[in-house]
Amino acid sequence: SNAALDVLVEESDAVLSLLPAPLHPTVASSCIARKVPLVTASYACERMRALAGEAEAAGVPILCEMGLDPGIDHMSAASLIHAVRARGGKVTGFASVCGGLPAVDVAADTPLGYKFSWSPLGVLTALEQPAAYRCPSGE
């Protein structure tokens, strides 16, 4: 229930939500009301983006897309690109592939025997996110 969620948020210094993405707006609303920072591993959906002004006005940081993909992959890419530029280099292209299916021998040793490293619904939902692909040829 929301009352139980509110109690948990109230008792927290910060919230890390690994719940399914459709539940994050409810968690975010509770965090904003109690001035507790929130971090999620999911893409920011329209309902989460709609809470941005309220969170900012309350001084509550809400960080979405802080998982592996998206998140760590973006930060790692930026770190590499900045390092190349700091040494005077020029990045002329960059491709990143993150996540995927774990090796069978690895998946077999995990407690839940995961074969797929993310929610299939999450993958399909991510397709709704705006994206742009740019390459030097303009294609």
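Here are some short exercises on the predicted model shown above, each with a worked solution.

**Exercise 1. The overall inventory**

Work out how many helices and strands the protein has, and in which pattern they follow one another.

*Solution.* Start by counting the elements: the secondary structure comes to seven helices and three strands. Next, read along the sequence, which gives the pattern α-β-α-β-α-α-β-α-α-α. Now turn to burial and surface. The protein has 139 residues, of which 22% count as buried. Its accessible surface comes to about 9900 Å², and 62% of that belongs to carbon and sulfur atoms. Finally, look at the contacts between residues at least 6 apart in sequence: 37% of them join residues at least 24 apart.

**Exercise 2. The sheet and its edges**

Find the order of the strands in the sheet, and explain why S1 and S3 each have one side without a neighbour.

*Solution.* First, trace the order, which is S1-S2-S3 in an open sheet with parallel pairing. Strand S1 (15-17) and strand S3 (62-63) stand at the edges and have a single partner strand each, so one side of each has no neighbour in the sheet. Then look at how S1 meets S2 (residues 38-40): three bridges join these parallel strands. To place one of the pairs, begin at Val15, whose bridge partner in S2 is Leu38.

**Exercise 3. A serine in S1**

Decide whether Ser17 is buried or exposed, and list what Ser17 touches.

*Solution.* Locate the residue first: Ser17 sits in strand S1. Its relative accessibility is 3%, and since the cut-off for buried is under 20%, Ser17 counts as buried. Leaving aside residues up to four places away in sequence, Ser17 touches His24, Val27, Leu38, Val39, Thr40 and Ala41. One of these, Leu38, lies 21 residues from Ser17 along the chain, yet their C-alpha atoms are separated by 7.3 Å.

**Exercise 4. Helix H2 and what comes after**

Describe how H2 lies relative to the sheet, which of its residues are buried, and what is notable about the phi of Lys35.

*Solution.* Begin with the geometry: helix H2 (residues 24-34) lies across S1, S2 and S3, and runs at about 165 degrees to S2. Its buried residues are His24, Pro25, Val27, Ala28, Ser30, Cys31 and Ile32. These buried residues pack against helix H1 (2-10), S1, S2, H3, helix H4 (52-58) and S3. Now step past the end of the helix. H2 is followed by Lys35, which is placed in the loop between H2 and S2. Most residues other than glycine have a negative phi. Lys35, although not a glycine, has a positive phi of about 55 degrees. With a relative accessible area of 57%, Lys35 is exposed.

**Exercise 5. A loop serine and a surface patch**

Compare the settings of Ser42 and Ile72: which element or loop holds each residue, and is each one buried, exposed or partly exposed?

*Solution.* Take Ser42 first. This residue is in the loop between S2 and helix H3 (46-50). Ser42 is buried, with a relative accessible area of 15%. Not counting residues up to four places away in sequence, Ser42 touches Leu19, Ala21, His24, Cys64 and Glu65. Then move to Ile72, which belongs to helix H5 (residues 72-86). Here the relative accessible area is 44%, so Ile72 is partly exposed. Ile72 also joins Leu63, Met66 and Met75 in making a nonpolar surface patch of about 360 Å².

Methods
Residues numbered from 1 in each chain as written. Predicted model: local features only at pLDDT ≥ 70, side-chain atom pairs only at ≥ 80, totals over all residues. Heavy atoms only, no water. Pairing = 2+ DSSP bridges. Helix = DSSP H or I, 4+ residues; strand = E, 2+ residues; numbered from the N terminus. Contact = heavy atoms within 4.5 Å. Axes fitted to C-alpha atoms, helices over the stretch in contact; angles between N-to-C directions. Patch = residues over 30% accessible without salt bridge, like charges linked within 9 Å, V, L, I, M, F, W, Y side chains within 5 Å. Areas by Shrake-Rupley, 256 points an atom, 1.4 Å probe, with all protein chains shown as cover. Salt bridge = Lys/Arg side-chain N within 4 Å of Asp/Glu carboxyl O. Buried < 20%, exposed > 50% of the residue type's maximum accessible area, 1.4 Å probe, protein only.
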